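This text walks through one protein chain, starting at its surface and ending with its charged pairs. Please keep the sequence and the structure in view while reading.

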Amino acid sequence: MNTAGGDISKLVSGFPNLFIQKCDGTDPLDSYAAFKRAVEYCRERKGPAFVHGKVIRPYSHSLSDDEKLYRPDEERDADAAIDPIRTFAEFLMTEGIITSEKLEELRKEVDAEVNKAADIAVETPQPPPESALRNVFSPDVDPTDRKLFDTENGAELSGNPGTMVDLINRCMHEEMERDPRIVVFGEDVADCSREEYLDIVKGKGGVFKVTANLQRKFGSARVFNSPLAEANIIGRAVGMAIRGLKPVVEIQFFDYIFPAMMQIRNEVALTRWRSDGDTKCPMVIRVPVGGYLKGGAVYHSQSGTTLFAHTPGLRIVYPATALDANGLLRTSIRCDDPVLFLEHKHLYRQVYNKSAYPGSEFLIPFGKAKTVREGTDVTIVTFGALVERSNQAAKRLEQQGISVELIDLRTLVPYDWEAIAESVKKTSRVLVAHEDPISYGYGAEIAARISNELFEYLDAPVRRVGATDTFVAYAPQVEDFILPQSEDVETAVQELMKY
């Protein structure tokens, strides 16, 4: 047995209201009775049911496997004796339900049906090579379409300026009001686990208060806390998304996303492609990310965007301001693909990136960068917390007579190549800055493409600024050394200008 205690039913016996039914999985009558009891229990709304049928595996694991190498003849013979295809046929004849002649006719019909299906499979033409490129993303909803997802220029701002937390929270309130399919869950995202306390406590709404009052407004069926298990959060969201709901889930810190990485890469991002568009898995995975927190250390400061940017089928959004977070989250929710929505913790409550409210139809398309600062001498391509750090460097460089054009990508998958190319053609010098470790990083892709496609426009090598090839340390002075600072950006630009 490879199961602790030798019985999987024992492992789940502690779940409340779980109706456990064990049966002989090789006996159709016993199996039918067990499933009938389980279905009745569920339909009476008593809770979930768990049917544990003990079965045999009468064949090798795969065509490349030979079970005779590790299973003795007596064990395989014992399994063959209770093969339900054999035993149920004997039962049907013994009970006079079917004759041996009719049973033989049935076997021939089944063989003919299987052979016909096999013939169709063999005769079916192989897919063309270029079919590999279809259904990586939705063919129906294109979040880069600026006619459908761009209301940025005409937006009218109103009310008092709010932080990134405020504008994300308000966007979720409005989108949940608009679309009843949206469900929100994660670790501590609800206001209160026990509803009876909602009237007497302030409520939590996430460790950063981003989901505050969503449970109060929309109820515990749509906003609820998950176990402390990231794989559980994403796994549950997969089922809901395939079923037709729209999960907007939270991984409490990026550093803890890795237990769910297998499901994000092999299920969430892969579902549409492996089914050739028959099935889809659209969801939004909100993740607080990044460092510059002073004390976040190795388990609260990572920025592993490169790891997920290398996953086909997964869109990645990384806003640097409250206004961008609002518009990009709204597009992410209305998108038909899985979206990794990264929220930099350091930017959550900064004063400089606050904004008045743009309205409930404010949308920013994916793949549309923002020119934060126009310049003529050098281009800085960046995102996240490096936007403002680069902007501060650009202000100092301006006093030195160096004109910097600053581009905030805003979305990493896809990114706005046209904006990058236009700027590089103008300045002829470019620096790519990001918070991830510099080696093998996201910036290497941008730098390589610039070198490949814009080489004749360059007056200097493409430079990169990033974190050291380490994790983020606890001590503040060590964290400052590890993560790229405004001064690092300034120095890199100065060196570029020497060419």
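On the surface of this predicted model, Tyr-256, Val-298, Tyr-299 and Phe-471 come together as a nonpolar patch, and their combined accessible area is about 410 Å². One of its members, Phe-471, sits in the loop that runs between strand E16 (463-467) and helix H16 (476-482). The relative accessible area of Phe-471 is 58%, so this residue counts as exposed, the cut-off being over 50%.

A second surface patch is one of charge. Glu-101, Glu-105, Glu-109 and Glu-113 gather there, and the patch is negative. Of these, Glu-109 belongs to helix H5, which covers residues 100-123. Its relative accessibility is 52%, and Glu-109 is therefore exposed.

With these two patches located, the whole chain can be described. The protein chain has 17 helices and 16 strands. Along the principal axes, its C-alpha atoms fill a box of roughly 100 × 60 × 45 Å. There are 499 residues in the protein chain, and 47% of them are buried. The chain exposes about 25,800 Å², of which carbon and sulfur atoms supply 54%. Among contacts with a separation of 6 or more, 78% are between residues 24 or more positions apart. As for charge, the chain carries 59 positive and 76 negative side chains, and 5 Å separates the centres of the two sets.

The interior can be entered through helix H8, which spans residues 230-243 and contains Glu-230. What is the nearest side chain of opposite charge to Glu-230, and how far away is it? It is Arg-236, at 12 Å; Glu-230 is buried and has no salt bridge. Setting aside residues up to four places away in sequence, Glu-230 touches Glu-187, Ile-251, Tyr-256, Pro-259 and Ala-260. Tyr-256 in that list is also a member of the nonpolar surface patch.

Helix H8 also holds Ile-234. This residue has 0% relative accessibility and so counts as buried. Beyond its neighbours within four places in sequence, Ile-234 is in contact with Val-249, Ile-251, Ala-260, Gln-263, Ile-264, Val-268 and Ile-285. One of these, Ile-251, is 17 residues from Ile-234 in sequence, and their C-alpha atoms are 8.8 Å apart.

Ile-251 leads on to another residue, since Ile-251 is among the contacts of Arg-286. Arg-286 is part of strand E7, residues 284-289. Is Arg-286 buried or exposed? Its relative accessible area is 0%, so Arg-286 is buried. Its contacts outside the four nearest places in sequence include Ile-168, Met-172, Val-210, Thr-211, Phe-341 and Tyr-348. Two acidic residues, Glu-250 and Glu-343, are also among them. By way of distance across the chain, the C-alpha atoms of Arg-286 and Phe-50 are 32 Å apart, with their positions 236 residues apart along the chain.

The last topic is salt bridges, of which the structure holds 36. Arg-146 and Asp-416 form one, and their closest N and O atoms are 3.4 Å apart. Arg-146 lies in the loop between H5 and strand E3 (158-162), while Asp-416 lies in the loop between strand E14 (411-413) and helix H14 (417-427), so the bridge ties together parts 270 residues apart in sequence. Arg-146 is partly exposed at 41% relative accessible area, whereas Asp-416 is buried at 5%.

Asp-337 and Arg-315 form another salt bridge, with 2.9 Å between the closest N and O atoms. Here Asp-337 is in the loop between helix H12 (322-334) and strand E9 (339-344) and Arg-315 is in strand E8 (residues 315-317), so that distant parts of the chain, 22 residues apart, are linked. Both ends count as buried: Asp-337 has 1% relative accessibility, and Arg-315 has 7%.

A third bridge joins the side chains of Asp-324 and Arg-410, at 3.0 Å from N to O. Asp-324 belongs to helix H12, and Arg-410 is in the loop between strand E13 (404-408) and E14, 86 residues apart. Asp-324 is buried, with a relative accessible area of 0%, and Arg-410 is buried, also at 0%. Elsewhere, salt bridges with shared partners connect Arg-170, Glu-174, Glu-175, Arg-178, Arg-330, Arg-334 and Glu-361 in one network.

Technical notes
Residues are numbered from 1 along each chain as its sequence is written. This is a predicted model: local features need pLDDT of at least 70, side-chain atom pairs count only at pLDDT 80 or more; totals for chains, interfaces and linings use all residues. Side-chain values use heavy atoms; hydrogens and water are left out. Patches are made of residues with over 30% relative accessible area and no salt bridge: like charges are joined within 9 Å, nonpolar side chains (Val, Leu, Ile, Met, Phe, Trp, Tyr) within 5 Å. Accessible areas come from the Shrake-Rupley method with a 1.4 Å probe; for residues, only the protein chains shown count as cover. A salt bridge is a side-chain nitrogen of Lys or Arg within 4 Å of a carboxyl oxygen of Asp or Glu. The place of a charge is taken as NZ of Lys, CZ of Arg, CG of Asp or CD of Glu. Helices (H or I, at least four residues) and strands (E, at least two) are DSSP runs, numbered from the N terminus. Buried means under 20% relative accessible area, exposed over 50%, partly exposed in between (1.4 Å probe, protein chains only). Contact means heavy atoms within 4.5 Å.
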